[in-house]
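This report describes how the helices of one protein model pack and where several loop residues lie. Please keep the sequence and the structure in view while reading.

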Amino acid sequence: MNDQNKKATTTQDLQNVIGNFLRVGVILSVVIVAIGGILFLIRHANEKVTFGVFKANQAQYTSIEQILDGLLVFDSLAVVQLGVLVLIFIPIIRVILAVYSFLVQKDYLFVAIGIIILLIITCSLYFRMLH
């Protein structure tokens with residue numbers, strides 16, 4: 001096998017790993033949200049719901065620390081939020097895998113672009129620029 005075929009095989013293998021990761025990550029996220037939703041329905045089945053009054057700003061889990069604290073007491077809303085958090089982090093991990101793939105291919109322009117994207121995401125999450 002020549003060097004070009006070996007590189008193409010490695011690239012295809014990495015793309016398969018990334019594709020499988022995306023599929024498994026989304027399925028995992030859906031399962032976590034479904035478990036949290038079922039727990040919520042079981043625990044709150046007898047509560048009366050009123051839609052006449054809108055209550056804004058009642059978010060309980062707005063940070064990762066709060067979600068982890070809620071998971072320690074197995075709060076159903078924290079479980080749902082964990083599923084959403086998993087879904088949010090899947091594309092970030094996909095960018096990390098893509099940067100690795102570009103490194104293997106020695107495509108340094110796309111490595112630099114991927115690292116810039118990761119820096120932007122990290123800064124926006126760390127400094128809460130999205131809020």
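## Helix packing and loop residues

Leucine 68 is partly exposed, with a relative accessible area of 48%, where buried means under 20% relative accessible area, exposed over 50% and partly exposed in between, computed with a 1.4 Å probe on protein chains only. Leucine 68 belongs to helix α2, and its C-alpha atom is separated by 7.5 Å from that of alanine 78, 10 residues apart along the chain.

The model is predicted, and for that reason local features need pLDDT of at least 70 and side-chain atom pairs count only at pLDDT 80 or more, whereas totals for chains, interfaces and linings use all residues. Residues are numbered from 1 along each chain as its sequence is written, and side-chain values use heavy atoms, with hydrogens and water left out.

The secondary structure comes to 4 helices and 0 strands, and from the N terminus on the elements run α-α-α-α; helices (H or I, at least four residues) and strands (E, at least two) are DSSP runs, numbered from the N terminus. Of the 131 residues of the protein, 22% count as buried. Among contacts between residues at least 6 apart in sequence, 62% join residues at least 24 apart, contact meaning heavy atoms within 4.5 Å.

### The two helix pairs

Helix α3 (residues 76-105) packs against helix α4 (residues 108-126) at an angle of about 155°, with their axes 8 Å apart. That makes α3 roughly antiparallel to α4, since angles under 35 degrees count as roughly parallel, over 145 as roughly antiparallel, 65 to 115 as roughly perpendicular and the rest as oblique. The axes are lines fitted to C-alpha atoms, for helices over the stretch in contact, and the angles run from 0 to 180 degrees between N-to-C directions. α3 passes α4 in a left-handed crossing, that is, one in which the near helix is turned anticlockwise from the far one by less than a right angle, a clockwise turn being right-handed.

On the α3 side the contact includes Phe89, Ile92 and Val95, and on the α4 side it includes Tyr108, Val111 and Leu118. By class, the contact of α3 with α4 has 15 nonpolar, 1 polar and no charged residues, where Ala, Val, Leu, Ile, Met, Phe, Trp, Tyr, Cys and Pro count as nonpolar, Asp, Glu, Lys and Arg as charged, and the others, Gly among them, as polar.

Helix α2 (residues 64-72) packs with α3 at an angle of about 135°, with their axes 9 Å apart, and that makes α2 oblique to α3. The crossing of α2 past α3 is left-handed. Ile64, Ile67, Gly70 and Leu71 in α2 meet Ala78, Val79, Gln81, Leu82, Leu85 and Phe89 in α3, and these residues divide into 8 nonpolar, 2 polar and no charged.

### The nonpolar core

Which residues form the largest nonpolar core? This core has 5 residues, namely Ile92, Val95, Val99, Val111 and Leu118, a nonpolar core being a set of buried Ala, Val, Leu, Ile, Met, Phe, Trp, Tyr and Cys residues joined through side-chain atoms within 4.5 Å. The elements that give two or more residues to this core are α3 and α4, and α3 gives the most, with 3 residues. Leucine 118 touches Ile92, Val95, Ile96 and Val99, not counting residues up to four places away in sequence.

### Residues in the loops

The table sets out the place and accessibility of four loop residues.

| Residue | Loop | Relative accessible area |
|---|---|---|
| Serine 63 | between α1 (3-43) and α2 | 13%, buried |
| Phenylalanine 74 | between α2 and α3 | 42%, partly exposed |
| Aspartate 75 | between α2 and α3 | 18%, buried |
| Lysine 106 | between α3 and α4 | 59%, exposed |

Leaving aside its neighbours within four places in sequence, aspartate 75 is in contact with Arg43, Gln60, Tyr61 and Gly70. The C-alpha atoms of aspartate 75 and phenylalanine 40, 35 residues apart along the chain, are separated by 8.2 Å, and those of serine 63 and glutamine 81, 18 residues apart, by 9.7 Å.

Most residues other than glycine have a negative phi. Phenylalanine 74, however, has a positive phi near 55°, and the phi of lysine 106 is likewise positive, near 60°.
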